[in-house]
Every structure is written in C-alpha cells, then in structure tokens.
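Colleague: I'm new to this one. Could you walk me through it?

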Amino acid sequence: MTFVLRFAVKTLLLILLFCGPVRAAETLAYYSDYFSFVGQDEKGFLLFALDNNRGVDAGDFQAEHFGVMYDQHQGWVDLVGLGEYSNPTGILSRIPDSVAFKFSGKPSEGITILSRVNDLRLEINPLPIRLQDHSGLRRQSWSSAAAVLYWQGRTIPGRIVYEHLVQHNWNRLTHSYSGTWDNFQGFYLAVQQGPPALWKDIYLRSEGKKKTLRTLGFVAASNKQAEIFSPDLKITRKSWALGFYRWGKSWQMSLQQAATEQGLKPAFASIRLRQISRQNISNWVLGGFAMTVVEGTLEQEGHQLKVLGFAELIK
C-alpha cells in the first residue's frame, strides 16, 4: 500500500470516528411543517392553517399543501393552490415553493409565507421550540410565536402554533397505514389576554378514548412555557357524521402542568370549548377528517379568559 493510499485510508477512518457514519440517501421518508394562525383586527377574528407535506419514495419526490381559512363574517374562505404539486429538485428539509405559496426564512429567525394568488402574506416571528417528542424514526416538535397576517387589505395581528415533523421509513403520501389515527384531536388555541403580544398559546393533542386516552401539549405566555396534559378531556356534545361515527361539538378539559419551568408556577386550568363551524375534509364511512373552529373560555385562579382556535379531528 502506497503512502498516499495509506494516508487516504487513515483520513477516512478519522472522519468516520469523529463524525459518525454517513447517512445513506433516504429512500422512504416524510416531512411536514404545519402553521395554525389565530388573529383579530377591528373587523373581527380570522383563522388560517396551512400544512406543507413532502416525501420521498424510491427516488420519487412528492409535495402537497393542505389549508383552510375562516373569517368571522365570511365563514370558510376558499384558498387557491391546495393539493399536490411538483417537487422536481427533491427538497425535503425545507418547504419547497409552489406556484401558489412561497416560503422564506427559517424557524429560528422567522418565516414569511407569501401567496399572491390568495392576496395573503403571513409574517411569523422567530419560533422557539416549546415541546418535543422523539421516538424511534419519528421526530416531532411544536413552537409558537407572534405573527401578522396581511390579507385583502387587512393587517391582522395574532399568534402561530407551528408543528414540525420528520419520519423516516414512512410516507403517507405514497402508502396507506392502518391504525395510524386513534381518535385524534388536536387543539391549536390562543387565549386572549389583551393585545395579541400578551396572548397565551395552548397546544393540546389527544389520542385514544377513556382508559386509553393519551394527551400531550404545551402552554406558553410571554417568555414562559410549560408542558401540559389533560387528565380529564371529555366531549360533552356530539353530532352524527355521514357514516358510522360522530363528531365532537363541544369539549371540556382540565389542564395540568406536567413539567415546571423556572419562572412559571405549577398551574391548573379548565377549558370549555364549543364548535362555531366545521368543515368536513374527508370521509371514509367508518371515520373521517374535519377542521373545526372553536371558541370558549379558560378559567384559572378565578379569572376567565376567551379562547379561540382550530380543532383538528381525525376519527
């Protein structure tokens, strides 16, 4: 073995020793960035959610947008540019642009979403991570921050709950998986304490029923945050769907702080929510997917505050 070859081999071994194994190009993976906005101006409140999914499967790349918008006076607003779109350059780690939606920035510095065809621009402040859940090949995190939505001549200040997901060896855009959803409910809420900069952000998700119920979430106010869960989440009213299942129409939950962070005292609160309006997205007879606008109240230490946001429901 020549000196040059021995040197190259030693260099490669040192790289592997200090940097670890190099990950091979992924053949099956799924990435998602989900933004849920709650805001209000002098004309009323507005909610906007945009889910941006992409994946790879055996060298083929996919991308899609899913989104909904609800205006207090107009109701559900149709958005242009939703659905599948091409991802020819194979972008996964960030959101690929489409004809309808353009993205700039990154979570740690702030993100801007621009859609000229929808007359929409969403400017989001830097997004500190509030909660993480890493298990196996799945990595998920949730953040929240202040944001401003510019839409049809309006300037609407509000709050964002942001969800980032990476899952390896899995891609729902090209595969069907049985048992993926177990009575899933995701609540993306803003608690109105005054000006939007003072609002609280609450995210809570639940899966299962009764004894199998599992909840996870966070509450954030100013620079303070804590992990929360609901030991007593109940659907207090239901309505039949077009199938053999029912949708929740009102909820009651008691929130407990699961982990104490410095500066935030252990706290307990109760929330009551009711459906304002629901948009049914998909129906498979035995279950379905719907987005629901909810409002209600949060009671804590004798104070009562207004709550507004989305409930994402998958049966």
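**Cores and a buried strand**

Modeller: Sure, and keep in mind that this is a predicted model. The largest nonpolar core has 27 residues, and Phe48, Ile113, Leu122, Ile124, Leu149 and Ile160 have the most contacts inside it.

Colleague: Which strand gives the largest share of this core?

Modeller: Several strands each supply at least two of its residues: β1, β2, β3, β7, β8, β10 and β11. The largest share is four residues, and the strand they come from is β10.

Colleague: How many residues are in the other core, the one with Tyr34 and Ala49?

Modeller: That core lies apart from the largest one, and Ala190 and Ala220 are also among its members. Its count is 25 residues.

Colleague: Is strand β12 largely enclosed or open?

Modeller: Take its two sides in turn. Phe184, Gly186, Tyr188, Ala190 and Gln192 point one way, Gln185, Phe187, Leu189 and Val191 point the other way, and all are buried. Buried here means under 20% relative accessible area. With nine of the nine residues in β12 (184-192) buried, the rest of the structure leaves the strand largely enclosed.

Colleague: Which residue of β20 stands opposite Ala190?

Modeller: β12 runs antiparallel to β20 (residues 303-314), and nine bridges join the two. Across from Ala190 in β20 stands Leu308.

Colleague: And what is the bridge partner of Val191 in β13?

Modeller: β13 covers residues 200-207 and pairs with β12 over seven bridges, again in the antiparallel sense. In β13, Val191 is bridged to Lys200.

Technical notes. Residues numbered from 1 in each chain as written. Predicted model: local features only at pLDDT ≥ 70, side-chain atom pairs only at ≥ 80, totals over all residues. Heavy atoms only, no water. Buried < 20%, exposed > 50% of the residue type's maximum accessible area, 1.4 Å probe, protein only. Pairing = 2+ DSSP bridges. Core = buried A, V, L, I, M, F, W, Y, C linked by side-chain atoms within 4.5 Å.
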